[in-house]
Structures are given as structure tokens and as C-alpha cells.
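Student: I would like to go through a model feature by feature. Please give the general idea where there is one, and then the case at hand.

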Amino acid sequence: RVVKQPSFQRGPFYSDPFFRDFFGERYFDSVPRERRQNSLGSGVVVSADGVVLTNNHVVENAEDIRIILHDGTELGAAIVGTDPKSDVAVLRVDDGKDKLVPLPMGDSSTLRLGEVVIAIGNPFGVGQTVTMGIVSALGRGGVGIVDYEDFIQTDAAINPGNSGGALVNMRGELVGINTAILSRSGGYQGIGFAIPTHLARPTMDSLLRDGKVVRGWLGVGIQDLSESLASGLGLSVSDGVLVSSVSEGSPAAKAGFERGDVILSIDGKPVSNTTKLRNAVALAGPNKNVAIEIVRGTSRKTLTAELGELPGEVGGLVGTTKATSDTLGLSLAPLDGVTRQRFQLSNRTKTGVVVTEVHENGLASRAGVRPGDVVLEVNKKTVDSPAAFQRAIKGSKGAIVLLVERRGSTIYLAIRR
């Protein structure tokens with residue numbers, strides 16, 4: 001790939017004529033220079049017709065892709081499709097397919113903790129290497145690497161250059177695509193992550209079939225349910241996924257979902273956090289009816305939703321009256337033209353109270369409240385002014401649950417006192 005680098009970082013002498021004459025104009029030229037960069041990664045041949053699985057970040061922005069086999073044979077390849085949201089890329093080899101031997105694809109959902117696995121790849125460009133370890137954890141999410149995370153964690157040595165390589169079980173089956181490591185040094189420290197085949201395979205199939213990844217869409221804003229939120233909302237459960245908003249006209253709205261519902265399972269499979277719920281909906285695909293068990297207040301019910309297709313990616317003034325909550329550590333102002341302009345708030349938000357300041361290390365800051373948030377409810381009570389907010393928290397006991405609108409979406413925040 002070709003990367004651009006600035007030839008000179010502007011400093012204090014950039015405009016000094018003496019230094020420009022001494023060093024010459026070319027030294028001070030700020031036009032970025034281009035240089036060619038060669039990167040190394042790994043991949044897995046998964047079919048006899050030349051399909052290769054690897055990571056998106058291995059081939060991203062590449063101008064030319066060359067595949068080198070274990071015996072040194074070099075073949076050309078083209079990108080069929082990539083999916084940055086899961087970090088999966090699919091390549092195809094056009095010539096020399098007779099030299100390829102595909103690796104059988106196994107079912108990663110049958111993996112067990114402690115099971116022995118082997119990582120194959122090209123670490124640091126030294127050549128094909130095999131390392132062995134165990135499955136340390138399954139279903140790792142919230143790592144912050146990609147949007148859709150359901151990683152296999154392993155202690156098999158994975159290093160730079162291993163990305164896109166195979167994680168294989170002891171039956172010789174592909175169960176994961178090595179993707180990342182958790183390291184403070186940049187090298188192997190015992191924690192590696194691989195994309196499981198139960199996530200990589202449907203992504204690959206969708207790219208081969210449609211040229212893009214088609215995912216299911218429910219149309220709800222979601223967040224993990226904490227004990228504080230469950231207590232403050234009067235819920236009978238403390239495990240599940242809290243619905244913080246329902247998109248108008250979405251499959252969820254048509255199925256009867258409401259803000260404050262807690263999703264427990266989809267088609268009988270528990271979803272204990274937002275990562276599992278997003279993955280379950282995405283993998284189910286559009287136009288599929290799913291049975292979703294929820295808790296609403298103290299009662300349980302099952303709603304049936306026909307999933308849609310995930311839409312493409314398109315995500316110093318103060319008010320005349322303001323209040324400060326010293327106990328919570330935040331300042332509030334009415335929702336008016338001044339605060340709308342200051343925080344660029346949508347005119348679709350008709351009522352609420354605006355958070356203008358959040359004091360560092362205060363209770364509100366610790367709960368995740370930010371300046372520009374519009375508080376719609378306090379413990380399920382609508383608030384339309386700073387005074388109404390103060391009255392709502394004055395009589396509250398235990399956790400204070402705020403319903404907040406932020407950038408067009410609503411979320412619940414629990415403040416512990």
C-alpha cells in the first residue's frame with residue numbers, strides 16, 4: 001500500500017527567513033511525501049476454488065495482494081469483500097488453485113474451556129509458525145476492537161503477523177481467525193483473540209453471495225442492565241439487556257417493544273449483555289421471525305418480531321434560569337433556544353432539562369452524565385425544568401435513574417448516592 005507522510009512538522013522557526021534560506025525551501029516543504037509500505041499477515045485457505053479468509057486490517061487499503069504458500073509458491077489474489085465491523089476479509093486466488101489445500105471448517109460453538117488449540121501464522125515475517133495453547137475464554141466482547149465481538153480467548157502465542165491466521169482444534173478443523181492480542185509491550189503476553197467460525201463463516205458466506213454483509217436489525221437502543229438500574233426502575237430481574245429507546249417504524253416498534261423493557265433471550269438463547277444481543281440479532285438476518293422474551297415491570301412476556309435489514313452506515317451562553325445540584329455534581333438549564341444552540345440539540349426534543357456542566361469526580365460524572373445531555377425523566381417522572389429535577393431527586397431514595405437523550409438516542413443512567 002502507499003502511505004502519505006508529512007515531510008516536515010511545522011515548528012517555531014517555520015516562518016523565519018534566515019532558517020528557510022539556510023536549510024532551503026525543500027526542507028520546509030509541507031507537501032506530504034508518499035512511500036510504499038509492505039505489510040505481512042496470515043490467511044487461511046477455506047475452499048478448493050481459491051477462497052481465503054483473513055482479517056480486514058491485514059488487507060485494508062492494499063493496492064496489491066500476494067499470497068505465499070508454505071513451500072514458497074507465490075500467487076496473486078483479489079479482494080472479494082471486507083467487513084470492518086467484524087474485521088473479516090475474503091480473498092480469492094485466480095491462478096494456481098491446484099496448489100491449494102483447504103482447511104476443513106469446524107464449529108466453534110462446540111469449543112470448551114481448556115480445550116487445546118493451535119495457532120498457525122507468520123509472526124514478525126519469520127515464516128510459518130505453529131504455537132499451542134488452550135481456550136482461555138469464550139464469547140469475549142466489549143474489548144473495543146470491532147463493532148461485532150464474540151472472541152475466542154487463547155493463550156496460544158499470537159504475535160504481529162499472525163493476524164488472519166488459523167486457530168485450529170485438535171481434530172485439524174478451523175475454529176477461529178486470529179485477530180488481536182492484549183499486550184502492553186506489543187508482543188505476546190498470554191492473551192490473544194480469534195474470531196470464531198460461527199461468526200466468520202456467515203460473514204464470509206454473505207460477502208461471497210451478496211458482496212456485502214447483510215445483518216438483522218431490531219431497532220432498539222440498548223444498554224447493559226446493572227443492579228442500580230434494576231433497583232431504580234423497579235424491575236424484578238438484574239440480568240439482561242435494557243431497552244433505552246425504540247426507533248419509530250422499526251421491527252421492535254411493530255412488535256410492541258417499549259422503553260424500559262428488559263430482553264432476556266432470543267429464540268430461547270439467553271442474551272445477558274448488549275454484545276450477545278447485537279450478535280444474535282445480526283446473525284439471525286433480515287426477514288426472520290424471532291421470539292424475544294422480555295420483562296416489563298414485574299411481568300414476563302414473549303414478543304415476536306420480524307427482523308429488518310440493518311441500515312447502511314451513514315452515527316459560553318447560559319440559560320436565564322439554571323440550577324446546580326451540589327449533591328450530584330451537575331448544573332442544569334431549561335431546554336430553550338439558547339441551550340439548543342449551545343449544545344446543537346434537535347428541535348424534535350420537546351421537553352426536558354439540559355445538563356450544562358458536570359463537575360469532575362462528582363456522582364453524576366461517575367454515572368456517565370455529560371454536558372449536553374437532556375434529562376427527560378428522573379425515576380420515571382417527567383422533568384421539564386431545573387426546579388422539577390430538584391423536586392424529583394429530593395424525595396428519591398437509593399439510586400437515582402435518569403432517562404437521558406444523547407445525540408438522538410435515549411439511555412438510562414443510574415446515579416448512586
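Tutor: Start with what kind of model this is. It is predicted, and the chain averages a pLDDT of 84, with 87% of the residues scoring at least 70.

Student: Where does pLDDT stay under 50?

Tutor: Over residues 313–321, for which the model has twelve contacts beyond four places in sequence.

Student: How many helices and strands are there in the chain?

Tutor: The chain has nine helices and 28 strands. It comprises 417 residues, and 46% of them count as buried. The accessible surface comes to about 21900 Å², and carbon and sulfur atoms account for 48% of that area.

Student: Now charged pairs. How many salt bridges does the structure hold?

Tutor: The general idea is that side chains of opposite charge can pair when their charged atoms come close. This structure holds eleven salt bridges. One of them is between R215 and D83, with N to O at 2.4 Å. R215 sits in the loop between α3 (197–210) and β14 (216–217), while D83 belongs to strand β6 (residues 74–83), so the pair ties together parts that are 132 residues apart in sequence.

Student: Are R215 and D83 buried or exposed?

Tutor: R215 has a relative accessible area of 9% and is buried. D83 is buried too, with a value of 5%. The cut-off for buried is under 20%.

Student: Which salt bridge does K212 form?

Tutor: K212 pairs with E309, and their closest N and O atoms are 3.5 Å apart. This pair also links distant parts of the chain: K212 is in the loop between α3 and β14, E309 is in strand β21 (residues 308–309), and their positions lie 97 residues apart in numbering. K212 is partly exposed, with a relative accessible area of 44%, and E309 is partly exposed at 40%.

Student: What about R209 and D210?

Tutor: Their side chains meet in a salt bridge with N to O at 3.3 Å. R209 counts as exposed, at 59% relative accessibility, whereas D210 counts as partly exposed, at 38%.

Student: Which residues are linked in a network of salt bridges?

Tutor: E258, D261 and R296 are linked in that way. R296 also brings us to a strand, since β19 covers residues 289–296.

Student: How does strand β19 run relative to β20?

Tutor: The two run antiparallel, and eight bridges join β19 to β20 (residues 299–306). N289 has E306 as its bridge partner in β20. The hairpin has two residues between the strands, and G297 takes a positive phi near 70 degrees there.

Student: How should I read an open sheet, and what is its strand order here?

Tutor: In a regular strand the side chains alternate between the two faces of the sheet. An open sheet of five strands here has the order β3-β4-β7-β6-β5, with antiparallel pairing. β3 (44–45) and β5 (65–68) stand at the edges with a single partner strand each, so one side of each is left without a neighbour in the sheet. At the β3 edge, two bridges join β3 to β4 (residues 51–55), and V45 has V52 as its bridge partner in β4. D83, from the salt bridge with R215, lies in β6 of this sheet.

Student: Turn to single residues. Where does S109 lie?

Tutor: S109 lies in the loop between β7 (88–93) and β8 (116–121). Its side chain has a polar contact of 2.5 Å with the side chain of D107. The C-alpha atoms of S109 and V175 are separated by 8.7 Å, and these residues are 66 apart along the chain.

Student: Is S250 buried or exposed?

Tutor: S250 counts as buried, at 0% relative accessibility. Its place is in the loop between β16 (241–246) and α5 (251–255). Neighbours within four places in sequence aside, S250 is in contact with W217, L218 and G219.

Student: And what is R406 in contact with?

Tutor: R406 is in strand β27 (residues 400–406) and counts as buried, at 15% relative accessibility. Leaving aside neighbours within four places in sequence, R406 is in contact with G368, V369, R370, D373, I411 and L413.

Definitions and conventions: Residues are numbered from 1 along each chain as its sequence is written. This is a predicted model: local features need pLDDT of at least 70, side-chain atom pairs count only at pLDDT 80 or more; totals for chains, interfaces and linings use all residues. Side-chain values use heavy atoms; hydrogens and water are left out. A salt bridge is a side-chain nitrogen of Lys or Arg within 4 Å of a carboxyl oxygen of Asp or Glu. Helices (H or I, at least four residues) and strands (E, at least two) are DSSP runs, numbered from the N terminus. Buried means under 20% relative accessible area, exposed over 50%, partly exposed in between (1.4 Å probe, protein chains only). Two strands pair if DSSP finds at least two bridges between them. A polar contact is a pair of N or O atoms within 3.5 Å; within protein, one must be able to donate a hydrogen and the other to accept it, and residues adjacent in sequence count only if both atoms are side-chain atoms. pLDDT is the predictor's confidence in each residue, from 0 to 100. Contact means heavy atoms within 4.5 Å. Accessible areas come from the Shrake-Rupley method with a 1.4 Å probe; for residues, only the protein chains shown count as cover.
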